[in-house]
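Work through the exercises below with the structure open. Each task is followed by a solution in steps.

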Amino acid sequence: MEPSTDTPTSPRRTCAGNSEKHPAEILFTTGIMQKRRTKAEKAADDKCLKDAKAAKEEATKQGIERLALMEMEAEAKASDAKASKPKPRPRPQKWLKKVVDGIDKEQTVSLSISAELMR
């Protein structure tokens, strides 16, 4: 079967910037595909990633050591401050009155003591 000539077909229109490019290059620039790498390029990329990871781990290790040193210094300062802090003076305590069955226990005790002293 031949296509009918009654209906006109639309001509293909290519973007002007892509008219002179290789078809695969369009895919690479849009990010749909990636170019293949050689063994040397792969090794160089792997070495760069490994070096970056080692540097990051070293920085983390140094940060932890610095934090531990800061904590030890803070503990030393706290222990020095605690040792040199004056001790508080003893203060007299206030005794609470206990009321049992409507009788003030403190009064009863003081009355019995004064009664014994008078004898």
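**Exercise 1.** Decide whether D45 is buried, partly exposed or exposed, and find the partner of its side chain in a salt bridge.

Solution. This is a predicted model.
- Step 1: the relative accessible area of D45 is 33%.
- Step 2: buried means under 20% and exposed means over 50%, so D45 is partly exposed at 33%.
- Step 3: the D45 side chain meets that of R37 in a salt bridge, with 2.5 Å from N to O.
- Step 4: R37 has a relative accessibility of 48%, so this residue also counts as partly exposed.

**Exercise 2.** State how many salt bridges a search of the whole structure finds, and describe the one that involves K42.

Solution.
- Step 1: the search returns two salt bridges.
- Step 2: K42 pairs with D46 through their side chains, at 3.2 Å from N to O.
- Step 3: a salt bridge requires the nitrogen to lie within 4 Å of the carboxyl oxygen, and the K42–D46 pair is at 3.2 Å.
- Step 4: K42 and D46 both belong to helix α2 (residues 39–84) and are four residues apart, so about one helical turn separates them.
- Step 5: K42 has a relative accessible area of 39% and is partly exposed; D46, with 35%, is partly exposed as well.

**Exercise 3.** Locate A24 among the helices, classify its exposure, and give its C-alpha distance to Q34.

Solution.
- Step 1: A24 sits in helix α1, which covers residues 23–30.
- Step 2: its relative accessibility is 25%, so A24 counts as partly exposed.
- Step 3: Q34 is ten residues from A24 in sequence, and their C-alpha atoms are 9.9 Å apart in space.

**Exercise 4.** Describe the chain as a whole: its secondary structure, its share of buried residues and its exposed area.

Solution.
- Step 1: the chain contains three helices and two strands.
- Step 2: their order along the sequence is α-α-β-β-α.
- Step 3: of the 119 residues, 1% are buried.
- Step 4: the chain exposes about 12,600 Å², and 58% of that area comes from carbon and sulfur atoms.

Methods
Residues are numbered from 1 along each chain as its sequence is written. This is a predicted model: local features need pLDDT of at least 70, side-chain atom pairs count only at pLDDT 80 or more; totals for chains, interfaces and linings use all residues. Side-chain values use heavy atoms; hydrogens and water are left out. Buried means under 20% relative accessible area, exposed over 50%, partly exposed in between (1.4 Å probe, protein chains only). Accessible areas come from the Shrake-Rupley method with a 1.4 Å probe; for residues, only the protein chains shown count as cover.
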